[in-house]
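Subject: Structure for you to look at

Hello,

Here is the structure I said I would pass on, with my notes underneath. Please read them with the coordinates open.

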Amino acid sequence: MSELYYRLALQFLPNLGPTTIKKLLQHYGSATQIFTARDIRMLLGNRAPVPKLTDAIRRQVEQELGWMERTGIQLDFFHDEVVQYANQ
């Protein structure tokens with residue numbers, strides 16, 4: 001799965017807002033690393049949900065990717081300058 005896939009998945013996670021997502025991205029460097037991090041509980045705190053790809057989130061991401069492809073939409077994330085995902 002690509003970085004774009006994981007970035008979209010972050011948007012569908014319950015109880016994680018833009019501030020927390022930004023904090024996680026700054027700490028781990030990529031959305032992919034957020035989903036594979038072993039120490040994420042320390043960063044988020046014991047009560048926060050650990051980012052997990054459920055079947056429902058996977059379906060949402062795949063629908064969104066399909067729509068983006070059909071319409072030619074490109075995702076720009078809040079900390080990107082200009083990123084081209086077409087080749088990923």
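Of the contacts in the protein with a separation of 6 or more, 59% are between residues 24 or more positions apart. Please keep in mind that this is a predicted model.

Overall make-up. The protein has five helices and zero strands, so its elements read α-α-α-α-α from the N terminus on. Buried residues make up 35% of the 88 residues. The exposed area is about 6,100 Å², and carbon and sulfur atoms supply 48% of that.

Aromatic rings. The structure holds two aromatic pairs. One is formed by Y5 and Y6, with an edge-to-face arrangement: the centres are 5.8 Å apart and the planes make an angle of 80°. Y5 has a relative accessible area of 6%, and because the cut-off for buried is under 20%, Y5 counts as buried. Y6, at 13% relative accessibility, falls under the same cut-off and is also buried. Y6 also pairs with F35, this time in a tilted arrangement, at 5.3 Å centre to centre and 40° between the planes. That pair links distant parts of the chain, since Y6 belongs to helix α1 and F35 to helix α3, 29 residues apart. F35 is buried, as is Y6. Through these ring pairs Y5, Y6 and F35 are linked into a cluster.

The loop before α3. S30 is placed in the loop between α2 (18–28) and α3 (31–36). With a relative accessible area of 16%, S30 is buried. Its side chain reaches the backbone nitrogen of Q33 at 3.1 Å. Setting aside neighbours within four places in sequence, S30 is in contact with E3 and L25.

Helix α5. How does the span of helix α5 compare with what its 17 residues should give? At 1.5 Å a residue, helix α5 (residues 55–71) should span 24 Å, and its end C-alpha atoms are 24 Å apart, so the two agree. I57, V61, G66 and M68 are buried in α5. The buried residues of this helix pack against α1 (3–12). After α5 comes G72, which has a positive phi, near 75°.

If you go through the model in order, I suggest the ring cluster of Y5, Y6 and F35, then S30 in its loop, then the packing of α5 against α1.

Regards

Terms used: Residues numbered from 1 in each chain as written. Predicted model: local features only at pLDDT ≥ 70, side-chain atom pairs only at ≥ 80, totals over all residues. Heavy atoms only, no water. Helix = DSSP H or I, 4+ residues; strand = E, 2+ residues; numbered from the N terminus. Buried < 20%, exposed > 50% of the residue type's maximum accessible area, 1.4 Å probe, protein only. Polar contact = N/O pair within 3.5 Å; in protein donor to acceptor, adjacent residues only side chain to side chain. Contact = heavy atoms within 4.5 Å. Expected span 1.5 Å × (residues − 1). Areas by Shrake-Rupley, 256 points an atom, 1.4 Å probe, with all protein chains shown as cover. Phe/Tyr/Trp six-rings, centres within 6.5 Å; stacked < 30°, edge-to-face > 60°.
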